[in-house]
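The exercises below are meant to be worked with the sequence and the coordinates open side by side. Each task is followed by a solution that goes step by step.

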Amino acid sequence: MITQEELIEFANYNKHTGVFTRKHDSSNGRWKSGTRIGTVQYSKKDSDYRRILIRLNGKSYYGHQLAFLYLHGYIPSEIAHFDGNPLNNSIENLSDVSHSSNMKNIKGNRNNKSGFLGIRIANDRSKKYRVSIGKSGFIKSFYTREEAVAYRNKLEKENNYHENHGIQLNKEL
């Protein structure tokens, strides 16, 4: 694992843009100082999810991990992107969070038929809208989508979910 000192010796980090650049030319002349470091990696599960991957000393790191290491001296087990954009590695956009807190800031799955995170349409004949939240699972059913959405929004506020939670999926009524 790379240390903060090794990273600082190798690269510059712009805390406002989240971009890493080389400090020195490579010995073979292939890379010049000031060259941007990192490539965009696409998720195998979700082609819309991308993040910056940086290889150093034969090991791969994500840009947000190295941003934390560069400025704070450690790599947290979970890092949240406040704006929900995994390509934005500016330090103002990153936070060391618990796993449960990070899950309160996720985007929705495009396959969700109700159009809202935490609300699904029952597979039985009732076709009710079923609301769930967190690990507690199914909580309550509603006949209308509007009622289910209002209840889910109330639960999100009560459970301190991030304002960006499900934002990509949730559609305005």
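Two strands count as paired if DSSP finds at least two bridges between them. The structure is a predicted model, and the exercises treat it as such.

**Exercise 1. Apply the pairing rule to strands β9 and β10, and then describe the two faces of β10.**

Step 1. Strand β9, residues 119–121, and strand β10 are joined by 3 bridges in the antiparallel sense, and the rule asks for at least two.

Step 2. For a pair of residues within this ladder, take R120, whose bridge partner in β10 is R130.

Step 3. Strand β10 covers residues 129–133, and its covered face consists of Y129, V131 and I133, whereas R130 and S132 make up the uncovered one. The bridge partner R130 thus belongs to the uncovered face.

**Exercise 2. Establish the strand order of the sheet that contains β5, and say which strands lie at its edges.**

Step 1. Begin with the pairs: β4 (residues 39–42) and β5 (residues 50–56) run antiparallel over 4 bridges, and V40 stands opposite I52 in β5.

Step 2. On β5 there is also a pairing with β6 (residues 59–62), again antiparallel and over 4 bridges, in which L53 stands opposite Y62. These two strands form a hairpin with 2 residues between them, and N57 in the turn has a positive phi of about 50°.

Step 3. The result is an open sheet of 3 strands in the order β4-β5-β6, with antiparallel pairing; β4 and β6 are the edge strands, since each pairs on one side only. Neighbouring strands are turned by 45° against each other on average, direction ignored.

Step 4. Helix α2 packs on this sheet, where it touches β5 and β6, and its direction makes about 85° with that of β6.

**Exercise 3. Describe the sheet made of β1, β2 and β3, and determine how helix α2 is placed on it.**

Step 1. These 3 strands form an open sheet in the order β1-β2-β3 with antiparallel pairing, and its edge strands are β1 (11–14) and β3 (36–37).

Step 2. Strand β2, residues 19–22, is joined to β3 by 2 bridges, and F20 stands opposite I37 in β3.

Step 3. Helix α2, residues 63–72, packs on the sheet by touching β1 and β2, and its direction makes about 95° with that of β1.

Step 4. To judge how far α2 is covered, count as buried any residue under 20% relative accessible area. The buried residues are G63, H64, L66, A67, F68, L69 and Y70; because these are 7 of the 10 residues of α2, the helix is largely enclosed by the rest of the structure. The helix is followed by G73, whose phi is positive, near 85°.

**Exercise 4. Work out the geometry of helix α4, and explain how its buried residues are arranged about the axis.**

Step 1. Helix α4 (residues 145–158) has 14 residues and reaches 20 Å from its first C-alpha to its last, which is close to the 20 Å expected at 1.5 Å a residue.

Step 2. Its buried residues are A148, V149, Y151, R152, L155 and E156. Seen down the axis of α4, they fall within an arc of 165°, so they line one face of the helix.

Step 3. After α4 comes N160, with a positive phi near 55°.

**Exercise 5. Find the salt bridge, and account for the spacing of its two residues.**

Step 1. With a limit of 4 Å between a side-chain nitrogen of Lys or Arg and a carboxyl oxygen of Asp or Glu, the count comes to 1 salt bridge.

Step 2. The side chains that meet are those of E158 and K154, at 3.6 Å from N to O. Because E158 and K154 are 4 residues apart in helix α4, about one helical turn separates them. K154 is partly exposed, with a relative accessible area of 43%.

**Exercise 6. Is L117 buried or exposed, and how far in space is L117 from R152?**

Step 1. L117 is located in the loop between α3 (99–103) and β9, and L117 is buried, with a relative accessible area of 14%.

Step 2. From C-alpha to C-alpha, L117 and R152 are 8.7 Å apart in space, while 35 residues apart in sequence.

Notes. Residues are numbered from 1 along each chain as its sequence is written. This is a predicted model: local features need pLDDT of at least 70, side-chain atom pairs count only at pLDDT 80 or more; totals for chains, interfaces and linings use all residues. Side-chain values use heavy atoms; hydrogens and water are left out. The expected span of a helix is 1.5 Å times one less than its number of residues. Buried means under 20% relative accessible area, exposed over 50%, partly exposed in between (1.4 Å probe, protein chains only). The arc is that of the directions from the helix axis to the C-beta atoms. Contact means heavy atoms within 4.5 Å. Axes are lines fitted to C-alpha atoms, for helices over the stretch in contact, and angles run from 0 to 180 degrees between N-to-C directions.
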